[in-house]
Amino acid sequence: MRELSQQELELITGGVYTLDTIVVTASPYWGDFGFTDFWHDWWSYEVYDDYYGDNGGGGGGEDPPAPPPCQSHDAATVDAYSDQLASQATRDIKNQPGYNNREYAVLFYRDGTGVIRSSPTIAGGNSGESVSIDLQALGIAAGTIVGMVHSHPAGVYSTSTAEAIINRHPSSNDWAAADQIIAAGADPSVFTHYIIGPDGTLREYDYSNRSTYDPPRTSTPNGGTISQSLQPDPC
Ligand SMILES: [Zn+2]
């Protein structure tokens, strides 16, 4: 009996190599209050509106200045700024003592004034296979999340070449977490998963391009590589 190809094995197992899980909760508000409405009320667009002169301000007829990248709502600018934050977060994650055997995650979100910020670095469990993110505890509104970076550490996901390659990508559970975040109001045209693969490379996976990357297989295209030496633009 012939041996199954790697691709056939992956189809049968349904991605057995990609069991890592990002658990996003906002207890108690997630279920009890209608999560989306609650958080939308909480978020103020005040700073952003001011940049475009919505509050009056004595018409000199001049164009309002472009906001700094950290306050921009232009999709390309937000993407570039998120790349910078992901690069910075990757350096921090790689400095964690458990980097090789634990997952670490950092969220990027708009705070109450409309500024895109990074969360603290969140450590996963000793098993290496999941990170739990409690948005309520972090004070982060799910609908304001623009992206997140997390690691698939070599010490957990490199037991075979195929496993190491597959885990360059977001797992199916990672995409499910993105679905959850978007259902809570995050912009699907903006949200990006950044993965630090078992090979140590940082790659970006746009939610808007998910069909290219999900399901994760050895044959799945890699996301674009992001430099790990980017510095965030002044904010
Ligand atoms: Zn993952």
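Which residues point one way from β7, and which the other way? In this predicted model, local features need pLDDT of at least 70 and side-chain atom pairs count only at pLDDT 80 or more, while totals for chains, interfaces and linings use all residues. Residues are numbered from 1 along each chain as its sequence is written.

**View 1. The two faces of strand β7.** Thr-192, Tyr-194 and Ile-196 point one way from the strand, His-193 and Ile-195 point the other way, and all are buried (20 or more other C-beta atoms within 10 Å of the residue's own, with C-beta atoms placed from the backbone; exposed means 12 or fewer, and partly exposed lies in between). Because five of the five residues of β7 (residues 192-196) are buried, the strand is largely enclosed by the rest of the structure.

**View 2. Strand β6 beside β7.** Strand β6 (residues 145-151) runs parallel to β7 and is joined to it by five bridges (two strands pair if DSSP finds at least two bridges between them). Within this pairing, Val-149 stands opposite Tyr-194 of β7.

**View 3. The hairpin of β7 and β8.** Strand β8 (residues 202-206) pairs with β7 in the antiparallel sense over five bridges, and Leu-202 of β8 stands opposite Ile-196. Five residues lie between the two strands of this hairpin, and Gly-200 in the turn has a positive phi of about 80°.

**View 4. The chain around these strands.** The chain has 10 helices and nine strands (DSSP runs numbered from the N terminus, helices being H or I of at least four residues and strands E of at least two). Of its 235 residues, 36% count as buried.
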